Amino acid sequence: MISYQDVRLMVNLLRHKFFGHRFPAHVAICVTNKCNLDCAYCYSQKFGMFQHDMTTEQLTGLVDELFQMGTRYIVLTGGEPLIRKDIRQIIRHIIGKGMKCGMSSNALLFERNLDVLDYLTSVNISIDGDEETHIKNRGQQDYKKILRGVDTAIARGLPVSIGCVLVKANQHCIKYVADLAKEKGCQCYFHIPYWRVDSSEGERGYTACTPMSMEETSKAMAQIHDLKNSGYPISYSNRMHAYLRDWPFKTPTVHRKELRDGMSKGFKPIHCLAGECYCIIDADGSVFPCASMIGQVKALKLTEVGFRKAWDNILAVRCSACHFFLQNELNLLFSLDVPTWMNLVKSWPHLLKQKKLPPATQPPAPPAPPAPSAPAEPQAVAKVG
Ligand SMILES: C[S@@+](CC[C@H](N)C(=O)[O-])C[C@H]1O[C@@H](n2cnc3c(N)ncnc32)[C@H](O)[C@@H]1O
Ligand code: SF4
């Protein structure tokens, strides 16, 4: 049954399509940039590690403002969102308003936060390939615990999507990730790093940060496209995979002049709607059009100027077309592309249901203090799962 809030979202998307009404339909919020891992390619570790996270009040106030402006889907990301002690309160505030709330997580803290899984609409769990490859990309950690995390979330009825960042070192794992999703009974999706973050960090940094060449990327897209056509549970639409497969440019983003040249040779761009229908908010409240822009352009902080002004500011920093997955899927959805909506409904039927909020639970008690003779535990977040 389609909810009243879904109908309102559709009305706003129609107003956008026919009258140019800008509104943040989908917002990703980095609730912290702190993390229990240190993945070599991670943007939050590069640009935001030392920022102050927004407070609970700032975040719930932001959710209220987003709701008023028309937001109906919020994704909590980071850093690792489950590191925040007030994460229950934030999610309950979102769901309580009738919005949908997804989360991206490395799944290593699921066991301590089982009740949080019951509040969410869906969860993306990051897995970059088989155990050896995953650890090369994302650092030493308990891989089996992540797989248990996938099982746990599915067992609690939460729709799961395995998210895989493709770089040179794990491009051979596409089929592995698709098979894993099929075996577990969940979805999967792929994306590529937004930029070469740093390849000068020794062996692991180099391996994980070297992007695929454009030819390798095209080949990978063709493989994903074919796997999806043959029935693998890959959530993004094949319209989008085909666009990336056939991307004719040498760089992942293009500006007006290159775009014009490409169009004169028959390329049909997917119009970018970042800053028109979606955005991402960094942990300190900086509002960016999309994740690929974090740390790359100046952004206003909603904690200083309010969300509306920071949102209006991002119009000025858009590129003309890009080669990134989530962004193009959102561009197609929010331009009301019918095949992309049909794919969404098929891959994510739960999105049509409104989650009923279970009773509030308390965060788990902190672990017992060490025995008096043991050395004191450091306060910092543990680096492994
Ligand atoms: C920044 S993480 C935060 C959530 C959680 N800690 C996780 O790992 O899923 C969100 C997603 O961005 C991906 N990611 C990290 N750095 C990236 C980069 N430079 N380019 C593209 N995606 C990246 C992660 O693999 C993950 O799928
Ligand atoms: S687990 Fe997520 S937030 Fe943490 S370092 Fe890895 S990609 Fe970044």
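This report describes the fold of a predicted protein model and the residues around its two ligands.

**Overall architecture**

The secondary structure of the protein consists of 16 helices and ten strands. Of its 385 residues, 45% are buried. Contacts between residues at least 6 apart in sequence join residues at least 24 apart in 73% of cases.

**The sheet**

Eight strands make up an open sheet with mixed pairing, and their order is β6-β5-β4-β3-β2-β1-β8-β9. The edges are occupied by β6 (187–191) and β9 (287–288); each has a single partner strand, so one side of each lacks a neighbour in the sheet. Within the sheet, β3 pairs with β4 (residues 122–126) in the parallel sense, over four bridges. In this pair of strands, Met103 lies opposite Val123 of β4.

**Ligand surroundings**

Ligand 1 is surrounded by 18 residues, of which Cys42, Ser104, Ser126, Gly163 and Pro193 come nearest. Two or more residues of this shell are given by each of the elements α2 (43–47), β2 (73–78), β3 (100–105) and β5 (160–165).

Around ligand 2 there are 13 residues, and the closest are Cys35, Leu37, Cys39, Cys42 and Asn106. Cys42 is thus named among the nearest residues for ligand 1 and among the closest for ligand 2.

The composition of the two shells is set out below.

| Shell | Nonpolar | Polar | Charged |
|---|---|---|---|
| Ligand 1 | eight residues | nine residues | one residue |
| Ligand 2 | four residues | six residues | three residues |

Definitions and conventions:
Residues are numbered from 1 along each chain as its sequence is written. Chains are lettered from A and ligands numbered from 1 in the order in which they are written. This is a predicted model: local features need pLDDT of at least 70, side-chain atom pairs count only at pLDDT 80 or more; totals for chains, interfaces and linings use all residues. A residue is near a molecule or strand if its C-beta atom, placed from the backbone, lies within 6 Å of it. Ala, Val, Leu, Ile, Met, Phe, Trp, Tyr, Cys and Pro count as nonpolar, Asp, Glu, Lys and Arg as charged, and the others, Gly among them, as polar. Two strands pair if DSSP finds at least two bridges between them. A residue is buried if 20 or more other C-beta atoms lie within 10 Å of its own, exposed if 12 or fewer, and partly exposed in between; C-beta atoms are placed from the backbone. Two residues are in contact if their C-beta atoms, placed from the backbone, lie within 7 Å.
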